[in-house]
Amino acid sequence: MSHNRERRGRSPSFYARKSAEMTQMAPIIRNYRPEDWPDLQDIILRAENFGPEFIQHEKLRIDVFTRNPEFGTVLVAEDPVSHNSVGFAAVQYGWRALVIESIAVHHRYLRKGIGRELVEHIKKLGAEHPNADVLRVDTGDFMDYAQRFYESCGFKVGGLVSHYLSWHNDQIIYVLRLKD
Ligand SMILES: CC(C)(COP(=O)(O)OP(=O)(O)OC[C@H]1O[C@@H](n2cnc3c(N)ncnc32)[C@H](O)[C@@H]1OP(=O)(O)O)[C@@H](O)C(=O)NCCC(=O)NCCS
């Protein structure tokens with residue numbers, strides 16, 4: 001798809017215009033395609049608490065899930081106006097739990113409900129999964145905005161784990177029941 005290649009050279013005003021046009025429209029949620037990678041790379045590079053050091057690991061995970069669909073999936077939120085990929089989520093299928101390993105939205109498209117749409121789609125995947133009864137995600141105890149986001153999507157705090165991602169890193173574990 002040429003729009004991905006074209007988009008890399010576009011100006012900030014292009015994104016501002018397109019994101020404003022999208023304000024009233026729901027994103028298209030679909031599976032990841034290899035041609036999404038330039039857009040996702042841009043999202044990861046600019047997202048708060050992400051950055052260049054995450055690129056290699058995120059790409060590795062996307063490749064693993066894409067080649068092994070029984071192990072996980074990558075969802076992309078597409079802007080219905082510009083057709084750019086403006087958000088993504090990588091979800092691992094664990095034993096009886098789906099785990100959101102990463103979720104991020106393009107910095108110019110924040111607070112338009114895209115993250116929530118991705119989570120709602122993941123909840124549906126979980127409800128249809130034969131074994132899963134929990135959706136799980138973790139976030140840094142310092143990341144207030146992410147905590148507000150997960151709580152607004154219906155997650156409950158399942159616990160706090162010290163020294164989780166690295167020594168001195170404390171993560172809050174969020175859980176959501178998929179089935180009664
Ligand atoms: C977390 C993230 C994915 C949320 O995506 P989003 O599309 O902006 O979120 P939504 O618009 O769907 O927000 C849904 C609700 O979550 C809450 N929320 C989202 N962002 C928030 C913020 N910055 N501050 C407070 N509450 C917030 C609000 O209740 C919001 O509803 P409202 O806008 O009607 O008030 C996005 O902020 C992001 O990509 N951050 C950078 C990457 C990251 O930190 N990922 C999470 C790692 S654990």
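## Around the ligand

Helix α6 supplies the largest share of the shell around the ligand, with 5 residues. The shell has 21 residues in total. Gly115, Arg116, Tyr145, Arg148 and Ser152 are the closest. Three elements give two or more residues each: β4 (97-105), α5 (114-128) and α6 (144-152). All of this is read from a predicted model.

What is the chemical make-up of the shell? It holds 11 nonpolar residues, 5 polar ones and 5 charged ones.

## The chain as a whole

The protein chain has 6 helices and 7 strands. From the N terminus, the order is α-α-β-α-α-β-β-β-α-β-α-β-β. The chain is 180 residues long, and 32% of them count as buried.

Now look at the contacts with a separation of 6 or more. Residues 24 or more positions apart account for 60% of them.

## The nonpolar core

The largest nonpolar core has 36 residues. Strand β3 (residues 85-93) gives the most to this core, with 6 residues. Some core members have the most contacts inside it: Val74, Leu75, Phe88, Ala89, Ala90, Leu118 and Ile122. There is a general pattern to keep in mind here. In soluble globular proteins, nonpolar side chains tend to be buried together.

Take Ile122 as an example. Which residues does Ile122 touch, leaving out those up to four places away in sequence? The list is Leu75, Ala89, Val91, Leu98, Ile100 and Leu135.

## One side of helix α3

Helix α3 covers residues 37-46. Asp39, Leu40, Ile43 and Ile44 are buried in this helix. These four span an arc of only 135 degrees around the axis, so they sit on the same side of α3. The general rule for helices helps here. An α-helix has 3.6 residues a turn, so residues three or four places apart point the same way.

## Tyr150 in helix α6

Tyr150 belongs to helix α6. Is Tyr150 buried or exposed? Tyr150 counts as buried because it has 23 C-beta neighbours inside 10 Å, and the cut-off for buried is 20 or more.

Tyr150 touches Val137, Thr139, Phe155 and Tyr174, with residues up to four places away in sequence left out. Take Val137 from that list. Tyr150 and Val137 are 13 residues apart in sequence. In space, their C-alpha atoms are 8.5 Å apart.

## Strands β6 and β7

Strand β6 is hardly covered. Of its 6 residues, the number buried is 0. β6 runs antiparallel to β7, and 5 bridges join the two strands. One bridge pairs Gly159 with Ile173 in β7.

His168 is found in the loop between β6 (156-161) and β7 (171-177). His168 is exposed because just 8 other C-beta atoms lie within 10 Å, where 12 or fewer counts as exposed.

## Two positive phi angles

Most residues other than glycine have a negative phi. What is the phi of His168? It is positive, at about 80 degrees, although His168 is not a glycine.

Arg111 also has a positive phi, of about 60 degrees, and Arg111 is not a glycine. Arg111 is placed in the loop between β4 and α5. With 11 C-beta neighbours inside 10 Å, Arg111 counts as exposed.

## Asn131 and Lys179

Where is Asn131? Asn131 is in the loop between α5 and β5 (134-140). Asn131 counts as exposed, with 10 C-beta neighbours inside 10 Å. Asn131 and Leu98 are 33 residues apart in sequence. Their C-alpha atoms are 9.6 Å apart in space.

Lys179 lies in the segment after β7. Lys179 is exposed, with 9 other C-beta atoms within 10 Å. Lys179 touches Ala127 and Asp133, leaving out residues up to four places away in sequence. Lys179 and Ala132 are 47 residues apart in sequence. From C-alpha to C-alpha, Lys179 and Ala132 are 8.3 Å apart in space.

Note on methods: Residues numbered from 1 in each chain as written. Predicted model: local features only at pLDDT ≥ 70, side-chain atom pairs only at ≥ 80, totals over all residues. Near = placed C-beta within 6 Å. Nonpolar A, V, L, I, M, F, W, Y, C, P; charged D, E, K, R; others polar. Contact = placed C-beta atoms within 7 Å. Arc of directions from axis to C-beta. Core = buried A, V, L, I, M, F, W, Y, C linked by C-beta atoms within 7 Å. Pairing = 2+ DSSP bridges.
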